[in-house]
Amino acid sequence: MSVVAEAADLASRLGRETGGEMLFDTASRGRYATDASIYQVMPVGVFVPASDADVAIALDVARDLKVPVLPRGGGTSQCGQTTGAALVIDTSKHLRRVIGFDKAAMTVEVEPGIVLDHLNAWLKPHGVWFPVDVSTSAQATLGGMAGNNSCGSRSIAYGNMVHNVAAVDVRLADGQDLSFGPVAVLGPREREIADFVRGLAEQQHDEIEARWPRVMRRVGGYNLDIFQPRSERPYTGDGSVNLAHLLVGAEGTLGFTRRLTLKLSALPRAKVLGVVNFASFHAAMDSAQHIVKLGPSAVELVDRTMIELSRANPAFRPTIEAALIGEPQAILLVEFSGDDKPALLRALRDLVALMGDLGLPGSVVQMADEAPQKALWEVRKAGLNIMMSLKGDGKPVSFIEDCAVPLEHLAEYTDALTEVFGRHGTRGTWYAHASVGTLHVRPILDMRRDGAKKMRAIAEEAAALVQRFKGAYSGEHGDGLCRGEWIAWQFGPRITEAFRAIKQRLDPLNLMNPGKIVDPPKMDDSRLFRFPPGYRTIALRPVFDWSEWDVQNDAATETVSAPGTGGDTTGGFAKAVEMCNNNGHCRKFDAGTMCPSYRVTRDEQHLTRGRANTLRLALSGQLGPDALVGDAVKDALDLCVACKGCKRDCPTGVDMTRMKIEVSAQRALRHGVSMRQRLIARLPRIAPTASRMPWLFNLRNRSPLLRRLGERWLGLSAQRSLPRFRRDTFWRAAAALPLVTRDQLLAAPKPVVLFVDTFNGQLDSENAIAAVRVLAAAGYAVHAAQGTRGDSLCCGRTYLAAGLADEAKANARSLVDALLPLAGRGIAIVGLEPSCLLTLRDELLTMGLGDDARTVSGQALMLEEFLAREAKAGRFTPPLKAAMRPMLVHGHCHQKAFGVVQPVLEVLRLIPGAQASLIESSCCGMAGSFGYEAEHHAVSMQMAEMSLLPAVRASPDALIVADGTSCRHQIADGAGREAWHVARVLEEHLR
């Protein structure tokens, strides 16, 4: 049977016999062909089971058709464990329940697809947690963590995954359902397997004694040593044998995990953190062996490269700088945790004293409060993605990054490996687990050119160092495709054959994730690379400027070439897309914006990573000709609400909003735009006309028939009320407002330019009027900038969303021409609508307007930013009366992306007695025109119902504050509440 016919038969049977989702098109398979590694292998198909019963049927069907099976959770593996020519079964969407919880026994039973952070959020009210806290805790599933024998930052205190798994219910490829747990209570079939493995261990007793690494961080191969423990931390507390530990670290090669029973730990009531600053990397490494003797729960490294990259990320800069003393070459995050806070503070003082004894007095930043600790840990957890934010084809590559060596050799090992990198013309970036001798180091290699050759050479020299220092070649991230071939090197031929025997006994047909652990390929088999030797991108003339990504970097000197010199056939667009390293940080559901549509659908297609992969496949021709403007890309971007959450939340800076704008422009050039798109895009032109006869334009809202016709003809949801046009616009009221002319502005001591956008100038005019009054009350000379027709200037945002690039650029040119003479004088350009004003700080710079655009962009501020800045300088001191009710603030997505939500809170707290708090929400779901569109209305409401609308309903007495026009409309539609712009709130409190 051909591969195509095999896939068709597989999809057909799964469709008939299960309730799951079948994803067998090229784009869907391509989105599952990669993980966080350098590899890409196209799966036969993807199956998303709705239940455990679906998994059983899928395994039966795959066995009948002799199709391999690959279990997958978050797809965050760094060594290629979750890539393969198999049927990928994604457990993360539906198989994520907590099945049972026993507080007395301190255990919890879960399905494999539950995410670690979600489990710990469920456990937190009970005062317990699952302590294997990997850096990808917001997206890593427990099934994947067990398959990989994950470790985490606090393994020095709690051990690895293998130390915290009590039992595993597994389904073998032959259909048997077995329960692996303590050997003393196994069933007959499970006992047979245990006896078989015991026999192998006894046969290999001398080999295990001679070759097995004694470090705790050893996750290579199978855990054959459960009958002859070699880890410095015993697998069980009482020395008993647990057969479940054979499956931990097996990478899905022995069976499909149905459920896990996990050991829990009490949540520490308190934590303190000492950040030790070092003038040299060597000193940091040498100090680790002394610091661990103080009994910390974690000792984590952040090196100079990661420090500088964190400083370059607006989300991380304030946090990392608060932890630094001078310009350190490395810092160690030393955490002490427990129930006795005074005792922890004493431990922190002991750390300070120790560093003094080691000749480093004054090197410790002490963090006793929870908030700064949490913020710094988030920076450390984002370490991998921060490092991957390097622009250019050279990227830090994972293949030797978690070799583990005894602590007493750590400094010598890192020095020697640094010399290895130097000999091969590169350098390494270091971070992570100094407490247990496992430092994540990724040499910077160009995998499109000579990277594979250098990778092989470096790996061989690193292996020799690991052997010299009696360490483990695979210390945390498993074997997969990049370290599988090193299993035989680490354990020798006899133990390797024992591993093969285990695989044969449990999976005789070799259907479970073949090619991992047993019979793996060569790590540098270029056919498996994401960027194989024949990788090429299409020729494309981008509509917008992507040249800042079109660069090359030099690994040794850290220099980056000039924009536009990187040789990208797409002008930098492809390289920007390729910044996605597939680590899956966008799969998170915690605070932050990214990614609103994924939070609703949980589909890989609607994830920032999924969209980036789709674009990469299209730009490299892997989805066929003209794929960039084809249906696969269109479908992937359909639910992208252009929130810009990824611009801020993605540590590598993947800006899917800007990418969607580029694709929309390319699509418009090829296919044109719909009537609906054209009407919405031209709202800035329509609004002035509509204001002269608003009754006519508002008729649709009052007529059920017109609502239905509007949905049928234009696709505008009949369930939505459209924005109301009005006669009393800002511009008609301007004559009665305390505004100044341009000449008066230039002569004023406190000048400010108000950028009155279409929405606040024509539709929600009370906001612009309020802004003028508030500014004037504080003594500012306010000038309302106008377009050539004497009304609102336009940033071009509506045209950008429709893909009408020429119109957007024309509007941008007019705006820059109007504002440049004022911005050039250093006068602030203050705006009210986040999506409009912040376009001046973002897309405006991509439209070919040069230094003029940069000058205007440099003066563009949201009203709240400007007022917060002026208040700190003592210049904004309006007469304000006391607040009468609490305030709830919803941040517009673009405010969050540009870090300007906090100024809203700061300004509101200038009101005497004001109690302003932030609603922890993602996108409101309206997203410009998105929520008005009939096909998106349901998803729009689901986004709003995730946190925003419930929070609004729960606070009936609070004043709801929202700067975004769309956000206010969503709150009105979904909760029946009027939300106010911050300008109106301030005006209401003027004396």
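Reader: Why is K522 called exposed?
Author: K522 has a relative accessible area of 51%. Exposed means over 50%, buried under 20%, and partly exposed in between, with a 1.4 Å probe and protein chains only. K522 is above the upper cut-off, so the residue is exposed. The model is predicted: local features need pLDDT of at least 70, side-chain atom pairs count only at pLDDT 80 or more, and totals for chains, interfaces and linings use all residues. Residues are numbered from 1 along each chain as its sequence is written, and side-chain values use heavy atoms, with hydrogens and water left out.

Reader: How do you know that the side chains of E485 and K522 meet in a salt bridge?
Author: The rule asks for a side-chain nitrogen of Lys or Arg within 4 Å of a carboxyl oxygen of Asp or Glu. From N to O, the E485 and K522 side chains are 3.8 Å apart, which satisfies the rule. E485 is in the loop between α17 (451-468) and α18 (486-506), and K522 is in the loop between α18 and α19 (573-577), so the pair ties together parts that are 37 residues apart in sequence. Helices (H or I, at least four residues) and strands (E, at least two) are DSSP runs, numbered from the N terminus. E485 has 17% relative accessibility and therefore counts as buried.

Reader: What makes R527 and D525 a salt bridge, and where do the two stand on the scale from buried to exposed?
Author: The N to O distance between R527 and D525 is 2.8 Å, so the pair passes the salt-bridge rule. R527, at 69%, is exposed. D525, at 16%, counts as buried.

Reader: Why is the link between R773 and E987 called a salt bridge, and what does the pair tie together?
Author: The closest N and O atoms of R773 and E987 are 3.0 Å apart, so the link is a salt bridge. R773 belongs to helix α33 (residues 765-777) and E987 to helix α44 (residues 982-988), so the pair ties together parts that are 214 residues apart in sequence. With 40%, R773 is partly exposed, and E987 counts as partly exposed at 23%. Elsewhere, salt bridges that share partners join K391, E548, K644, K647, D655, R658, R797, D842 and E843 into one network. By the rule, the count comes to 67 salt bridges.

Reader: What makes D655 count as buried?
Author: The relative accessibility of D655 is 5%, so D655 counts as buried. D655 is found in the loop between α23 (645-649) and α24 (656-671). Beyond its neighbours within four places in sequence, D655 is in contact (heavy atoms within 4.5 Å) with K644, C646, K647 and D842.

Reader: What is notable about phi at A642 and K644?
Author: Neither residue is a glycine, yet phi is positive at about 55° for A642 and about 65° for K644. A642 is placed in the loop between α22 (631-637) and α23, and K644 is placed in the loop between α22 and α23. A642 counts as partly exposed at 25%, whereas K644 counts as buried at 1%.

Reader: Why is V128 called buried?
Author: V128 has a relative accessible area of 1%, so V128 is buried. V128 lies in strand β7 (residues 128-129). Among its contacts beyond four places in sequence are F101, M106, L123 and L264. M106 is 22 residues away from V128 in sequence, with a C-alpha to C-alpha distance of 8.0 Å.

Reader: How do you know that the radius of gyration agrees with a compact globule?
Author: The radius is taken over C-alpha atoms, and the globule rule is 2.2 Å times the number of residues to the power 0.38. For 991 residues the rule gives a value near 30 Å, and the chain has 30 Å, which agrees. The C-alpha trace spans about 95 × 70 × 55 Å along its principal axes. Buried residues make up 63% of the 991 residues.

Reader: How many helices and strands does the chain have?
Author: The chain has 44 helices and 26 strands. Of the contacts with a separation of 6 or more, 74% are between residues 24 or more positions apart.
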